[in-house]
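These are my notebook entries on a single chain. I record what I looked up, entry by entry.

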Amino acid sequence: MKFKTTVDGVNTHTYDLPIYIDKTKTDFEITMRDSNSRRTTFTIANIGEKQASAITIKVKDDSILLDKTNAQIILGTLNIGEFSTLSFPITSNENLKNITFEIGYTDVSGVRTTIDKIVPV
């Protein structure tokens, strides 16, 4: 980035400012692993290029939950390429085709970001 100062319309100084903009966001993949009469288990993986911290995963439509008090899981941190397993009190049925999750995380620059992921069941 160049920065110029002028006095009475005359350029007095030109400065080169070393400003670098880096990608700070990441991405996730959620897949269903298993389901029984009480719980459905999923795997979440950090498939992006940056670490994510303070990760929370929430079921957006809590009407599909057997226990609505367990609609959100606090996961913590996932480094690049890491994954974790989580489960929710959801029973799969023929009417349930997809589950939408809201993933909240803090990126490497300290900004809180929320994204939605739709997972087929």
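**Entry 1. Thr113.** I listed the contacts of Thr113 in this predicted model, leaving aside neighbours within four places in sequence, and found Lys25, Ile103, Gly104, Tyr105 and Asp107. I then located Thr113 in strand β9. I asked whether Thr113 is buried or exposed. Its relative accessible area is 14%, and because the limit for buried is under 20%, Thr113 counts as buried. I also noted a polar contact of 3.1 Å between the side chains of Thr113 and Lys25.

**Entry 2. Thr24.** I turned next to Thr24, which I placed in the loop between β2 (10-16) and β3. Its relative accessibility is 22%, so I entered Thr24 as partly exposed. Not counting residues up to four places away in sequence, Thr24 touches Lys50, Asp107, Val108 and Ser109. With one of these, Asp107, the side chain of Thr24 makes a side-chain to side-chain polar contact at 3.3 Å. I recalled that Asp107 also appears among the contacts of Thr113. How far apart are Thr24 and Gly110 in sequence and in space? I read 86 residues along the sequence, against a C-alpha to C-alpha distance of 9.0 Å.

**Entry 3. The chain as a whole.** I counted the secondary structure and obtained 0 helices and 9 strands. Read along the sequence, the pattern is therefore β-β-β-β-β-β-β-β-β, with strands taken as DSSP runs numbered from the N terminus. The chain has 121 residues, of which 29% are buried. I put the accessible surface at about 7,800 Å², with 50% of it belonging to carbon and sulfur atoms. Among contacts with a separation of 6 or more, 54% are between residues 24 or more positions apart.

**Entry 4. The sheet of 3 strands.** I traced an open sheet with the order β3-β4-β7 and antiparallel pairing. Its edge strands are β3 (28-35) and β7 (83-88), each of which pairs on one side only. I computed an average turn of 25° between neighbouring strands of this sheet, direction ignored. I then examined β3 and β4 (residues 40-46), which pair in the antiparallel sense over 7 bridges. A hairpin of 4 residues joins β3 to β4. Which residue of β4 is the bridge partner of Met32? I found Phe42.

**Entry 5. The sheet of 4 strands.** I traced another open sheet, in the order β6-β5-β8-β9, again with antiparallel pairing. The edge strands here are β6 (72-78) and β9 (112-120), each pairing on one side only. The twist from one strand to the next averages 25°. Strand β9, at one edge of this sheet, is the strand that holds Thr113. Inside the order, β5 (residues 52-59) and β8 (residues 98-106) run antiparallel and are joined by 5 bridges. I noted one pair in particular: the bridge partner of Lys58 in β8 is Glu102.

**Entry 6. Ala54.** I checked the backbone of Ala54, which is found in strand β5. What is the sign of its phi? It is positive, at about 50°, although Ala54 is not a glycine. For reference, most residues other than glycine have a negative phi. I recorded a relative accessible area of 39%, so Ala54 is partly exposed.

**Entry 7. The nonpolar core.** I asked which residues touch the most other members in the largest nonpolar core. Of its 20 residues, these are Phe28, Phe42, Ile44, Ile55, Ile57, Phe88 and Phe101. At least two core residues come from each of β3, β4, β5, β7 and β8. I set beside this the general tendency of nonpolar side chains in soluble globular proteins to be buried together. Phe42, listed here, is also the bridge partner that I noted for Met32.

**Entry 8. Ile44.** I followed one core residue, Ile44, through its contacts, not counting residues up to four places away in sequence. Ile44 touches Phe28, Glu29, Ile30, Ile57, Leu75, Leu78, Glu82, Phe83, Ser84, Leu86 and Ile103. Among these partners, Phe28 and Ile57 stand with Ile44 in the list of core residues that touch the most other members. Ile103, a partner of Ile44, is also in contact with Thr113, with which I began these entries.

Conventions: Residues numbered from 1 in each chain as written. Predicted model: local features only at pLDDT ≥ 70, side-chain atom pairs only at ≥ 80, totals over all residues. Heavy atoms only, no water. Pairing = 2+ DSSP bridges. Axes fitted to C-alpha atoms, helices over the stretch in contact; angles between N-to-C directions. Core = buried A, V, L, I, M, F, W, Y, C linked by side-chain atoms within 4.5 Å. Buried < 20%, exposed > 50% of the residue type's maximum accessible area, 1.4 Å probe, protein only. Contact = heavy atoms within 4.5 Å. Polar contact = N/O pair within 3.5 Å; in protein donor to acceptor, adjacent residues only side chain to side chain. Areas by Shrake-Rupley, 256 points an atom, 1.4 Å probe, with all protein chains shown as cover.
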